[in-house]
Amino acid sequence: MSQSRAKPADNNSAHNELPRLRPIAAGALQERARQLRLDILDVISHAPMGHFSSSLSCAEILVTLYHHVLRLRKGDPGWEDRDRFLLGKGHVAVALWPLFAELEFFPQSWLQTFGQLGSRLTDHPDMHRAPGVDFSSGSLGHNLSVGLGMALAARRRGKDHRIYVLLGDGEIHEGQVWEAVMAAAHYKAGNLVAIVDANGSCADGPTQSVMGIEPLTDRFSSFGWHCIEVDGHDSGALMRAFAEAMQFAEQPVCVVARTLKGKGISFMEESPREWHLGALNGADLERARSEIREAKQ
Amino acid sequence: MSTMSDPFSFTAGAVESSYVGNLGEAFRRYGEQNDDVLLISPDLGAGPVTGAFVQQFPERFIDAGIAECNAMSMAAGMATYGYKVFVLQMGAFGALKCAEQIRADIAFTQVPVRILSAWSGLAMGFFGTTHHAVEDIAITRAIPGLTVLAPADDNAATAMLSASEQVRGPVFIRLTDANVNPVYDSPPEIILGRFGCVREGSDGTIIGTGLGAQLAAGAAALLAREGLSIRVLDAYSLKPLDEAAVVDAARETGAILTVEEHLVTGGLGSAVGEILARNGLGVQFSIHGIPDETLTVGMPEELYAHYGLTIEETAQRMRALLAGKR
């Protein structure tokens, strides 16, 4: 595919700026999450396989961040004063690509190249391939540390940037996550927000039976973080949680988002492990699409 | 009589270790001249390499606590804001424990992090097999996008700070603790991808890195008294390597001995062997290093003697190699 970068016209002007907590109705975010789920199915359909169920669990989280919370500039993914978002659970990059295309970080046509040899849009995000990726990921457990480094560096530069890191609930088995949790509280990183997509499922089974992580909020709280627990499929609740998170200048905040792996597609909700990674074709794909279209929000 | 020990005097009394003071002062000065230099370290910042910097710029030192992997990834994040982030790591727990953080967060991403890998090789040998750092060249030179430098002595180490300016991406600097036979009287010119020619010679070549360069220079001087003309190359640039210097040495001197405070597996010797094979150069060749086995424990100078990392043994290996050439 072409290696040329997206060059939207007039991409540096301030009128493309999307401010923090920009007004949008919770219902509109729910609708965008529905669209993102459909987009995820479409994007994966171009590739040999993709991560379904764990992408579906964080659709509302990502939509709320990219359409409401993060300060961004449309068409200008490298804008210096953007807020940063790091995808700790890197295997759901497929859920970022439609959002980035909509933000004009790259052309919509790139979406059809997902997962193909040489594509810029990979299964795990690569900051040197896809515009809009604030840091590469792929090895679980690294990105909260990277985000903490960014948070401290931003503060040192006198920048008001806020750094958001999405973690999987299985990812927090990684010891390095807790090194970063400890250090973030020690350094009073009030500009750092971790979101745990607590979808309750790992590759080997329910997260809690593979390696217990509960009580999640107590664990983060005991390390000195402010914790907010929400229904991760309730856009209104997520909006309130992220607004609350901005009130803590000297304390990192963890949003524990309780979610369902495979959310929106009944056969994936029933067998989240089997649909962690796979391919969806023919009648199954159509059934999945219609369930998402017809679901009540 | 009992004595209190400085927690960072790991090798005090073991080797004549004077270089660290100069490097510490050089690092402090480098920090003074570069406002964007930050230091992050897992509970090692107050030590001799960075203590002077930390004392002068406490606000530019981020102590990560004893959490090496977190330190490495945090450094990557900080570097995205344009800082020149130095990570001071203990050899054994930097390159080995954090190999994946170095690869994924620092090398793949090409952020300008400089890893000071101190107490490498056998410097911490008294403390146990866990503290030997003799696999790090093999690991780091296998990571794409990482520049690997290994100064031979104090003066070379101080030169590496400004030399790393030649590199936009990350740099791993393997510091030797040994001061057996310093190679340089003043900070040498460091050119990325080149070896330093310490001594010209035509009968054979010794290529050393770190302590190995000190031993190579000493052995060549010994052999000169026997009428042998030995070329000495200082392999301070391990990645990229100086392929031309190796090829020239093979063609012009016909025998190459490599010397390193590292396992014979995967280090300088392996790298030079790859060059010889790639270029079809069938010369006399031997790798002098630490055997690929569970290592013994002791003070560094005892370990150097035990494993033959001495000037005398290096000279003896070269004599044997040249005997095979004839």
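Which residues touch the most other members of the largest nonpolar core? The points below answer this and then go through the predicted model part by part.

1. The core. The largest nonpolar core holds 197 residues, and A:Leu62, A:Val255, B:Ala75 and B:Val87 touch the most other members. Domain 1 (19-174) and domain 2 (196-325) of chain B each give at least three residues to this core. In soluble globular proteins, nonpolar side chains tend to be buried together.

2. One core residue in chain A. Leaving aside residues up to four places away in sequence, A:Leu62 touches A:Leu36, A:Ala95, A:Leu96 and A:Leu99.

3. Contact between the chains. On the side of chain A, 20 residues take part, and on the side of chain B, 21 residues. Two helices of chain B, helix 3 (68-79) and helix 5 (99-107), each supply at least two residues of the side that touches chain A. Helix 3 of chain B gives the most to that side, with eight residues. By class, the side of chain B that touches chain A has twelve nonpolar, seven polar and two charged residues.

4. Domains of chain B. The domain assignment splits chain B into domain 1 (19-174) and domain 2 (196-325). Between the C-alpha centres of domain 1 and domain 2 of chain B there are 26 Å. Their contact takes 23 residues from domain 1 of chain B and 27 residues from domain 2 of chain B.

5. The domain 1 side of that contact. Helix 6 (136-140) and strand 5 of chain B each supply at least two residues of the side of domain 1 of chain B that touches domain 2 of chain B. Strand 5 of chain B has the largest share of this side, three residues. The side of domain 1 of chain B that touches domain 2 of chain B divides into 13 nonpolar, six polar and four charged residues.

6. The seven-stranded sheet. Chain B has an open sheet of seven strands in the order 2-1-3-4-6-5-10, with mixed pairing. At its edges are strand 2 (61-63) and strand 10 (237-239) of chain B, each pairing on one side only. From one strand to the next, the twist averages 20 degrees.

7. A pair within the seven-stranded sheet. Strand 5 (residues 147-149) and strand 6 (residues 171-174) of chain B run parallel and are joined by three bridges. Here B:Val148 stands opposite B:Phe172 in strand 6 of chain B. Strand 5 of chain B is also the element named in point 5, where three residues of the domain 1 side come from it.

8. The five-stranded sheet. A further open sheet in chain B has five strands in the order 7-9-8-11-12, and its pairing is mixed. Strand 7 (196-199) and strand 12 (284-290) of chain B are the edge strands, and each pairs on one side only. The twist in this sheet averages 25 degrees from one strand to the next.

9. A pair within the five-stranded sheet. Five bridges link strand 8 (residues 204-209) of chain B with strand 9 (residues 230-234) of chain B, and the two run parallel. B:Gly208 stands opposite B:Asp234 in strand 9 of chain B.

10. A helix on the five-stranded sheet. Which strands does helix 10 (residues 268-278) of chain B lie across? Helix 10 of chain B lies across strand 8, strand 11 (255-263) and strand 12 of chain B. With strand 11 of chain B, helix 10 of chain B makes an angle of about 145 degrees.

Methods:
Residues numbered from 1 in each chain as written. Chains lettered and ligands numbered in written order. Predicted model: local features only at pLDDT ≥ 70, side-chain atom pairs only at ≥ 80, totals over all residues. Contact = placed C-beta atoms within 7 Å. Helix = DSSP H or I, 4+ residues; strand = E, 2+ residues; numbered from the N terminus. Nonpolar A, V, L, I, M, F, W, Y, C, P; charged D, E, K, R; others polar. Pairing = 2+ DSSP bridges. Axes fitted to C-alpha atoms, helices over the stretch in contact; angles between N-to-C directions. Core = buried A, V, L, I, M, F, W, Y, C linked by C-beta atoms within 7 Å. Buried ≥ 20, exposed ≤ 12 C-beta atoms within 10 Å, placed from the backbone. Domains from an automatic or database assignment.
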